[in-house]
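Student: I have a model open and would like to talk through the labels people attach to it. Could you take me from values to conclusions?

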Amino acid sequence: MSEPLHDYDPASALDSAEAIEVFMADALETGDAAYALKAEAVAERARQRLMGTSKKHI
């Protein structure tokens, strides 16, 4: 029997500005431009999620 697969967005693990900063620093350290570009998209989704969360609390 196989277990169902679930969608996972790594942006959900980036729960603070500091976490995003560390994530991007690590991505840039690889020297791989394609990887860094994908990481930037993940970081942008995380930023949008954080901004949406902070607006709800205002």
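Student: What makes the contact between the side chains of R47 and E40 a salt bridge?

Tutor: Happy to take that one, keeping in mind that this is a predicted model. The cut-off is 4 Å between a side-chain nitrogen of Lys or Arg and a carboxyl oxygen of Asp or Glu. For R47 and E40 the N to O distance is 3.1 Å, so the pair qualifies as a salt bridge.

Student: Which other residue meets the side chain of R47 in a salt bridge?

Tutor: That is E44, with N and O 3.0 Å apart. R47 and E44 sit three residues apart in helix α2, which means about one helical turn separates them. Together, E40, E44 and R47 form a network of salt bridges.

Student: Why is R47 called partly exposed?

Tutor: Buried needs a relative accessible area under 20%, and exposed needs over 50%. R47 comes out at 29%, so the label is partly exposed. Its partners get that label too: E40 has 32%, and E44 has 34%.

Student: How many salt bridges does the structure hold, and which residue pairs with R45?

Tutor: There are three. R45 pairs with D9, where the closest N and O atoms are 2.7 Å apart. This pair links distant parts of the chain, as R45 belongs to helix α2 and D9 to the segment before α1, 36 residues apart. R45 is partly exposed at 36% relative accessible area, and D9 is partly exposed at 30%.

Student: How do you know that the length of α1 fits a helix?

Tutor: Compare the expected span with the model. The rise is 1.5 Å a residue, and the 13 residues of α1 should therefore span 18 Å. The end C-alpha atoms are 18 Å apart, so the two agree.

Student: Why can we say that the buried residues of α1 line one face?

Tutor: The buried residues in α1 are I20, M24 and A27. Viewed down the helix axis, they fall within an arc of 60°, so they share one face. On the face turned away from that buried side you find E18, E21 and E29, which are exposed.

Student: Where does A19 lie, and why is A19 not called buried?

Tutor: A19 is in helix α1. Its relative accessible area is 22%, while buried requires under 20%, so A19 counts as partly exposed. A19 and A43 are 24 residues apart in sequence, and their C-alpha atoms are 9.4 Å apart in space.

Student: Which residues make up the largest nonpolar core?

Tutor: Nine residues do: A11, L14, I20, M24, A27, A39, V42, A43 and A46. Both α1 (17-29) and α2 (33-56) supply at least two of them, and α2 gives the largest share, with four residues. As background, nonpolar side chains in soluble globular proteins tend to be buried together. Leaving out residues up to four places away in sequence, A27 touches Y35, A36 and A39.

Student: What makes the pair D32 and A34 a polar contact?

Tutor: The limit for a pair of N or O atoms is 3.5 Å. The backbone nitrogen of A34 lies 3.1 Å from a polar atom of the D32 side chain, so the distance is within that limit. D32 is in the loop between α1 and α2 and is partly exposed, with a relative accessible area of 39%. Also just after α1, G31 adopts a positive phi of about 75°.

How values were computed:
Residues are numbered from 1 along each chain as its sequence is written. This is a predicted model: local features need pLDDT of at least 70, side-chain atom pairs count only at pLDDT 80 or more; totals for chains, interfaces and linings use all residues. Side-chain values use heavy atoms; hydrogens and water are left out. A nonpolar core is a set of buried Ala, Val, Leu, Ile, Met, Phe, Trp, Tyr and Cys residues joined through side-chain atoms within 4.5 Å. Buried means under 20% relative accessible area, exposed over 50%, partly exposed in between (1.4 Å probe, protein chains only). Helices (H or I, at least four residues) and strands (E, at least two) are DSSP runs, numbered from the N terminus. Contact means heavy atoms within 4.5 Å. A polar contact is a pair of N or O atoms within 3.5 Å; within protein, one must be able to donate a hydrogen and the other to accept it, and residues adjacent in sequence count only if both atoms are side-chain atoms. The expected span of a helix is 1.5 Å times one less than its number of residues. The arc is that of the directions from the helix axis to the C-beta atoms.
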